[in-house]
Amino acid sequence: MKKKLKLLAGIAGILILILLAGFAFYVHDYYHADPSVEGYMGSLDNVYTEEIPEGLFLDGPGEDRALVFYPGGKVEYRAYLPLCHKIAAKGIDCFLVEMPCNLAILDIDKADSVFGNYAYSEWIIGGHSLGGAAAALYASDHREQVQGLILLGAYPTKQLGKDLRVLEMYGSEDRVLNRSKLLKGNAYLPEHTVSEEIPGGSHAGFGCYGPQKGDGQALISEEEQQEITAERTADVFLRED
C-alpha cells in the first residue's frame with residue numbers, strides 16, 4: 001500500500017512539473033512590441049509619456065477624462081503605445097497597464113491601483129482581445145467607478161450597466177475574433193453601444209507587434225487602423241450629450 005501511494009505521489013509530482021513547464025513555456029512565448037514604439041516615450045506631439053508603477057501614463061491636452069487600457073493576451077503592453085498616444089493627443093489621457101505574464105485575466109482589478117492614485121471626472125476602461133474581455137468584466141463589477149468601455153476585437157461575457165457608454169470596434173479582416181461569440185456578446189451591451197467594423201483592419205492592427213497567428217491579411221496599415229480607432233474614441237467619449 002505504501003509503495004502504491006509513493007508511486008501515485010511520484011506520478012502526481014511529475015504531472016505537476018509537466019503542467020508548470022507547459023505554463024512557463026506558454027507565458028514566455030508572447031508577441032513583443034515593435035522597437036519603434038520607444039519613439040513615443042517622453043514628450044511628443046503635445047503628449048508626455050512616462051513610466052509609472054502600473055505601466056505607462058500618457059498625459060495629453062485633456063484634463064477631465066482618462067482611459068485605463070488592458071493589453072491583449074500574450075502581447076507586450078508597450079505594443080499599444082502608438083494607439084494610446086493617438087487617443088491621448090485627442091484629449092483622453094491614457095494609462096497603459098502592464099499585466100502579469102502578459103495576461104490581463106490574471107489581474108482584472110489592475111485598474112484599482114490607477115483609480116486610487118489619480119483623479120478624473122470620467123473614467124473609461126478598455127482593451128484589446130483578451131484585455132478587452134477583462135476590461136468588460138471590470139466595468140460590469142464597478143459600475144459606479146467606470147463611465148465608459150472600449151472593446152477592440154473583443155466582446156463582453158457579462159451584463160453591462162445600461163448607462164455605460166460603450167465603443168466596440170473590430171477589423172473586417174480579423175480572423176482571430178470569434179464572430180459567433182461576438183454576436184452573443186451583443187446581448188450584454190447597452191442599447192446605445194456604438195459598434196463599428198473597420199474596413200481592411202485586422203486583429204493585430206490595434207497594436208504594433210507584427211502579424212498574429214491565425215489573423216487575416218490587413219488591407220490598411222497599423223497606423224491607419226489606430227488613427228481610425230482614436231478618432232472614433234474621441235467622437236464617442238468627448239461628445240457632449
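Q: Which residues of α4 are buried?
A: In this predicted model, they are G131, G132, A133, A134, A135, A136, Y138, A139 and S140. Each of them falls under the 20% relative accessible area that "buried" requires.

Q: How do you know whether α4 is enclosed by the rest of the structure or not?
A: Count its covered positions: 9 of the 12 residues of α4 are buried, so the helix is largely enclosed. The covering elements can be named too, since the buried residues of α4 pack against β4 (65-70), α3 (111-117), β6 (122-128) and β7 (148-152).

Q: What span does α4 reach, and how does that sit with the expected one?
A: Helix α4 covers residues 130-141 and runs 17 Å from its first C-alpha to its last. At 1.5 Å a residue the expectation is 16 Å, so the span is close to it.

Q: What makes H85 count as buried or exposed?
A: Its relative accessibility is 4%. Buried means under 20%, so H85 counts as buried. H85 lies in helix α2 (residues 81-89), and beyond its neighbours within four places in sequence it is in contact with Y40, L44, D45, V47, T49 and L58.

Q: How do you know whether α2 as a whole is mostly covered or mostly open?
A: By the tally: 8 of its 9 residues are buried, which makes α2 mostly covered. The buried ones are L81, P82, L83, C84, H85, K86, I87 and A88. Past the helix comes G91, with a positive phi near 115°.

Q: Why are C84 and C94 not called a disulfide?
A: A disulfide needs the two cysteine sulfur atoms within 2.5 Å. The sulfur of C94 is 4.4 Å from the closest cysteine sulfur, in C84, so that is too far for a bond. By this rule the structure has 0 disulfides.

Q: Are those two cysteines, C84 and C94, buried or exposed?
A: Both come out buried: C84 has 0% relative accessibility, and C94 has a relative accessible area of 0%. The cut-off is 20%, so there's no argument about either label.

Q: What makes a set of residues a nonpolar core, and how many residues does the largest one have here?
A: The members have to be buried nonpolar residues joined through side-chain atoms within 4.5 Å. The largest such set has 32 residues, and L58, L67, F69 and L96 have the most contacts inside it. At least two residues each come from β3 (55-59), β4, α2, β5 (93-97), β7, β8 and α6 (222-237). The largest share, 5 residues, comes from α2. There's also a second, separate core of 29 residues, which includes I108, A135, A136 and A154.

Q: Which residues is F69 in contact with, leaving aside its neighbours within four places in sequence?
A: F69 touches Y80, L83, C84, F95, L96, V97, G126, G127, H128 and L152. To make that list, a residue needs heavy atoms within 4.5 Å.

Q: Why is the Y31 and Y209 pair called tilted?
A: The centres are 5.3 Å apart and the planes make 55°. The centres are within 6.5 Å, so the rings pair; 55° is neither under 30 degrees nor over 60, so the pair is tilted. Y31 sits in the loop between α1 (2-28) and β1 (42-44), Y209 in the loop between β9 (194-198) and α6, 178 residues apart. Y31 is partly exposed at 24%, whereas Y209 is buried at 7%.

Q: What makes F95 and Y120 an edge-to-face pair?
A: Their planes are 85° apart, with 6.2 Å centre to centre. That angle is over 60 and that distance within 6.5 Å, so the label is edge-to-face. F95 lies in strand β5 and Y120 in the loop between α3 and β6, so the pair ties together parts that are 25 residues apart in sequence. Both rings belong to buried residues: F95 at 0% and Y120 at 16%. F95 and Y120 also belong to one aromatic cluster with F57, F115, Y118, W123 and Y138.

Q: Why is E173 called buried?
A: The relative accessible area of E173 is 17%, under the 20% cut-off, so the label is buried. E173 lies in the loop between β8 (165-171) and α5 (179-185), and its contacts beyond four places in sequence include G200, S202, D215 and L219.

Technical notes
Residues numbered from 1 in each chain as written. Predicted model: local features only at pLDDT ≥ 70, side-chain atom pairs only at ≥ 80, totals over all residues. Heavy atoms only, no water. Helix = DSSP H or I, 4+ residues; strand = E, 2+ residues; numbered from the N terminus. Buried < 20%, exposed > 50% of the residue type's maximum accessible area, 1.4 Å probe, protein only. Phe/Tyr/Trp six-rings, centres within 6.5 Å; stacked < 30°, edge-to-face > 60°.
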